[in-house]
Amino acid sequence: MAPRTTWTTFPRCTASLWVLILAHTLPAASGFGQNVKHGPDIIDDNNNITIFTRILDRLLDGYDNRLRPGLGDTVTEVKTNIYVTSFGPVSDTDMEYTIDVFFRQSWRDERLKFDGPMKILPLNNLLASKIWTPDTFFHNGKKSVAHNMTTPNKLLRLVDNGTLLYTMRLTIHAECPMHLEDFPMDVHACPLKFGSYAYTKTEVIYTWTLGKVEVAEGGSRLNQYDLLGHNVGRDSIDSSTGTYIVMTTYFHLKRKIGYFVIQTYLPCIMTVILSQVSFWLNRESVPARTVFGVTTVLTMTTLSISARNSLPKVAYATAMDWFIAVCYAFVFSALIEFAAVNYFTKRSWAWDGKKVLEAQELKKKEPVTLAKKTNNTYNIVGTTYALNITKEPGLPTIAKSAAAAAASTTNTTTATPTAVVIPPKVPRLEEKPPENKKTYNSVSKVDKMSRIVFPILFAIFNMVYWATYVNRESAIKGMIPKE
């Protein structure tokens with residue numbers, strides 16, 4: 001009985017042993033009893049990286065970046081958008097402006113379609129050198145800088161349908177043709193033109209996206225201008241190699257006049273007024289009026305030269321040049337007016353003074369009029385006397401000789417037939433020398449007229465000039481096209 005019991009219990013022990021072995025091995029194989037939350041995620045991330053690596057390798061395998069998308073089949077359409085981060089400064093002498101932008105381009109490349117767990121794939125800028133990108137350049141750009149600090153400021157995104165978004169940050173120095181006839185009341189439309197360098201419109205065309213061109217708030221870096229607005233368009237140019245599409249953006253600028261009013265207009269007006277002060281000075285004040293005239297002329301010359309320093313050397317006259325020229329004419333006319341007044345004043349004073357001196361000398365030489373008659377008779381104040389006067393060398397005066405003659409006539413026995421009568425004494429009036437005429441100190445008629453005519457003409461000129469500027473201001477606002 002004992003051996004039978006031993007053989008029946010042995011299979012049962014073996015079965016229990018196999019159950020224990022399976023219980024210890026199954027959790028290790030199936031992850032039973034462990035934290036299964038993070039394991040699958042790690043496996044999925046690794047799988048995504050591996051998947052996209054394989055996708056990019058597969059896309060770039062056999063990809064030729066020398067050929068544009070749709071070559072020989074369709075025209076490649078490049079959609080563009082510009083976001084202006086800062087505008088300015090503007091150089092009048094060089095006729096250029098500086099602009100900092102985010103330049104965005106988007107196109108579709110059928111060769112880059114993919115199917116993966118993500119719809120949009122952000123890529124590194126290094127991939128841009130391995131795929132085809134538009135050969136866009138700026139037609140009126142003098143110098144363009146692509147920012148590379150700390151890394152190249154470029155963005156590249158790939159959509160699963162093959163659409164690419166390529167963005168870069170640029171600082172562009174572009175030409176701005178300026179017409180300065182209305183300076184400093186001028187307005188300018190500074191263009192920004194770009195397009196394909198090698199592809200004609202039968203191969204690559206450019207279009208604007210919905211945003212077109214946007215300017216950041218507070219992005220203006222302009223001291224002398226106001227950015228009134230902008231408008232966009234699309235043109236085409238013909239050359240010997242074909243017809244090319246050119247995208248254009250015009251930024252409308254209006255110059256601020258405040259600086260020029262303070263630096264040029266007010267000094268010119270004050271100089272003209274100062275030159276007209278000389279009309280109120282006495283015309284005999286030659287040094288004072290000469291200083292007024294010469295100083296104002298030299299001041300206007302200095303102002304005209306300094307006003308031109310901030311402008312390019314254009315061959316035509318600007319609005320400020322006309323204003324300075326008219327002010328210069330007023331100042332120079334005031335100097336010429338004084339020269340004319342002074343010339344006639346000198347001549348009048350010389351004639352009057354000469355006549356006065358001649359009259360005074362004549363009265364001194366002939367205080368009493370004596371007319372000599374024949375037969376030794378003299379006519380004194382209308383009465384004829386026969387005098388027998390012995391000539392003496394020391395005869396002092398006519399009065400003494402007349403007294404001696406009277407005494408001799410009373411003592412002589414043989415009297416002359418003519419009766420001698422002593423004339424009555426006539427009181428001698430002291431004659432005053434003739435006074436100078438008052439023309440020397442009188443106010444010139446030319447000065448009187450200039451005091452009225454010059455200010456009125458200058459006021460009329462200012463009214464016409466600034467009224468024209470106000471009308472031009474409204475015309476400028478109407479020139480800005482609305483989008």
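**Reading the labels on a predicted model**

Tutor: We start with Ser196, which is part of strand E8 (residues 187-196). Residues are numbered from 1 along each chain as its sequence is written, the model is predicted, so local features need pLDDT of at least 70 and side-chain atom pairs count only at pLDDT 80 or more. Totals for chains, interfaces and linings use all residues, while side-chain values use heavy atoms, with hydrogens and water left out.

Student: What makes a stretch such as E8 a strand?

Tutor: Strands (E, at least two residues) and helices (H or I, at least four) are DSSP runs, numbered from the N terminus. The protein chain comes to seven helices and 14 strands.

Student: Why is Ser196 called buried?

Tutor: Buried means under 20% relative accessible area, exposed means over 50%, and partly exposed is in between, with a 1.4 Å probe and protein chains only. The relative accessible area of Ser196 is 4%, so Ser196 is buried. Of the 483 residues of the protein chain, 31% count as buried.

Student: What makes the pair of Ser196 and Asp135 a polar contact?

Tutor: A polar contact is a pair of N or O atoms within 3.5 Å; within protein, one must be able to donate a hydrogen and the other to accept it, and residues adjacent in sequence count only if both atoms are side-chain atoms. The side chains of Ser196 and Asp135 make a polar contact at 2.8 Å. The side chain of Ser196 also reaches the backbone nitrogen of Tyr199, at 3.1 Å.

Student: Which residues are in contact with Ser196, leaving aside neighbours within four places in sequence?

Tutor: Contact means heavy atoms within 4.5 Å. On that basis Ser196 is in contact with Asp135, Phe137, Tyr206, Tyr244 and Ile245, once the neighbours within four places in sequence are left aside. For the protein chain, 77% of the contacts with a separation of 6 or more are between residues 24 or more positions apart.

Student: How do you know that Cys176 and Cys190 form a disulfide?

Tutor: A disulfide is a pair of cysteine sulfur atoms within 2.5 Å. The S to S distance between Cys176 and Cys190 is 2.0 Å, and a disulfide joins them. The pair links distant parts of the chain: Cys176 is in the loop between strand E7 (163-175) and E8, Cys190 is in strand E8, and they are 14 residues apart. The structure holds one disulfide.

Student: Why is the disulfide of Cys176 and Cys190 called left-handed?

Tutor: The torsion about the S-S bond of Cys176 and Cys190 is about -70 degrees, so the disulfide is left-handed. Cys176 has a relative accessible area of 1% and is therefore buried. Cys190, at 0%, is buried as well.

Student: Why is there no bond between Cys268 and Cys327?

Tutor: The cysteine sulfur closest to that of Cys268 is in Cys327, 5.0 Å away, which is too far for a bond. Cys268 has a relative accessible area of 0%, so Cys268 is buried. Cys327 is buried too, at 0%.

Student: What makes the group around Ile452 a nonpolar surface patch?

Tutor: Patches are made of residues with over 30% relative accessible area and no salt bridge (a side-chain nitrogen of Lys or Arg within 4 Å of a carboxyl oxygen of Asp or Glu); like charges are joined within 9 Å, nonpolar side chains (Val, Leu, Ile, Met, Phe, Trp, Tyr) within 5 Å. Met449, Ile452, Val453, Ile456, Leu457, Ile460 and Val464 make this patch of about 650 Å². Ile452 is in helix H7 (residues 445-479). Its relative accessibility is 52%, so Ile452 counts as exposed.

Student: How much area does the protein chain expose?

Tutor: The protein chain exposes about 31,600 Å², and carbon and sulfur atoms supply 61% of it. Accessible areas come from the Shrake-Rupley method with a 1.4 Å probe; for residues, only the protein chains shown count as cover.

Student: Why is a positive phi or a cis peptide bond pointed out?

Tutor: Most residues other than glycine have a negative phi, and most peptide bonds are trans. Met95 has a phi near 55 degrees, a positive value in a residue other than glycine. Met95 is in the loop between E1 and strand E2 (96-108), and at 23% relative accessibility it counts as partly exposed. The peptide bond joining Gly88 and Pro89 is cis, with omega about 5 degrees, and Pro89 is in strand E1 (residues 76-91).
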